[in-house]
Amino acid sequence: MINQVTIVGRLTRDPELKYTPEGKAVSNVTLAVNRNFKNQVGEYETDFVQCTLWRKTAENTVEYCRKGSLIGVTGRIQTRNYENQEGKKIYVTEVVAEMVRFVGPKQAESTPQEFEHIEL
């Protein structure tokens, strides 16, 4: 079986670094990834993909990337679940990163608020 995904997109917010009780660095980020085709009204739609980064990958991403940074993530898709406060089971699907590439140039102080369509 194969469980591998590669996506390239822009960070929707500045990444934040957290640590587990065991001291492992972790960052949960969201990538805005444009679809390759236009919808019925002629616009490109965007998917927002949750990604979990661990250890040095998380630390480097937090240090060098900001909202709007273009990054590539290679990893595996993982589905997990938990019960919320109302007792309802919540399912989460995310990409657990094995590798992150900083694709775009270093970001200037101000980052555009909108995501542009990128032809790959």
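**Entry 1: the core**

I started with the nonpolar core that ranks as largest, and I found 15 residues in it, with Leu-31, Ile-71 and Val-73 making the most contacts inside it. Strands E1 (5–11), E3, E4, E5 and E6 each give this core at least two residues. I kept in mind that this is a predicted model. A reminder to myself: nonpolar side chains in soluble globular proteins tend to be buried together.

Next I listed the neighbours of Leu-31, leaving out residues up to four places away in sequence. Among them are Ile-7, Leu-11, Phe-48, Val-49 and Cys-51, along with Ile-71 and Val-73. Leu-31 also touches Asp-47, a residue I come back to below.

**Entry 2: the overall layout**

I stepped back and counted 1 helix and 6 strands in the protein. Reading from the N terminus, I get the order β-β-β-β-α-β-β. Of the 120 residues, 32% are buried. I also looked at contacts between residues at least 6 apart in sequence, and 59% of these join residues at least 24 apart. The protein exposes about 8600 Å², with 48% of it coming from carbon and sulfur atoms.

**Entry 3: how E4 pairs**

I followed strand E4 (residues 44–54) and found that it pairs with strand E3 (residues 25–38) in the antiparallel sense, over 10 bridges. In that pairing, Asn-28 sits opposite Thr-52 of E4. The hairpin of E3 and E4 has 5 residues between the strands, and there I noted Gly-42 with a positive phi near 85°.

E4 also pairs with strand E6 (residues 89–102), this time in the parallel sense and over 2 bridges. Here Cys-51 stands opposite Val-95 in E6.

**Entry 4: salt bridges**

I counted 4 salt bridges. Asp-47 and Arg-35 form one through their side chains, at 2.7 Å from N to O. The two come from distant parts of the chain, with Asp-47 in strand E4 and Arg-35 in strand E3, 12 residues apart. Both ends are partly exposed: Asp-47 has 30% relative accessibility, and Arg-35 has 28%. I also see that Arg-35, Glu-45 and Asp-47 are linked in a salt-bridge network.

In the helix, Lys-56 forms a salt bridge with Glu-59, and their closest N and O atoms are 3.9 Å apart. Lys-56 and Glu-59 are separated by about one helical turn, because they lie 3 residues apart in helix H1 (residues 55–64). Lys-56 is exposed at 53% relative accessible area, whereas Glu-59 is partly exposed at 26%.

I then checked Arg-80 and Glu-94, whose side chains meet in a salt bridge of 2.8 Å, N to O. This pair also links distant parts of the chain, Arg-80 in strand E5 and Glu-94 in strand E6, 14 residues apart. Is Glu-94 buried or exposed? Its relative accessible area is 6%, so Glu-94 counts as buried. Its partner Arg-80 is partly exposed at 37%.

**Entry 5: a look at Gln-78**

I ended on Gln-78, which lies in strand E5 (residues 70–83). Its relative accessible area is 24%, so Gln-78 counts as partly exposed. Leaving out residues up to four places away in sequence, Gln-78 touches Val-92, Thr-93, Glu-94 and Val-96. Gln-78 and Val-96 are 18 residues apart in sequence, yet their C-alpha atoms are 6.7 Å apart. The side chain of Gln-78 also makes a polar contact of 2.8 Å with that of Arg-76.

Methods. Residues numbered from 1 in each chain as written. Predicted model: local features only at pLDDT ≥ 70, side-chain atom pairs only at ≥ 80, totals over all residues. Heavy atoms only, no water. Pairing = 2+ DSSP bridges. Helix = DSSP H or I, 4+ residues; strand = E, 2+ residues; numbered from the N terminus. Buried < 20%, exposed > 50% of the residue type's maximum accessible area, 1.4 Å probe, protein only. Contact = heavy atoms within 4.5 Å. Areas by Shrake-Rupley, 256 points an atom, 1.4 Å probe, with all protein chains shown as cover. Polar contact = N/O pair within 3.5 Å; in protein donor to acceptor, adjacent residues only side chain to side chain. Core = buried A, V, L, I, M, F, W, Y, C linked by side-chain atoms within 4.5 Å.
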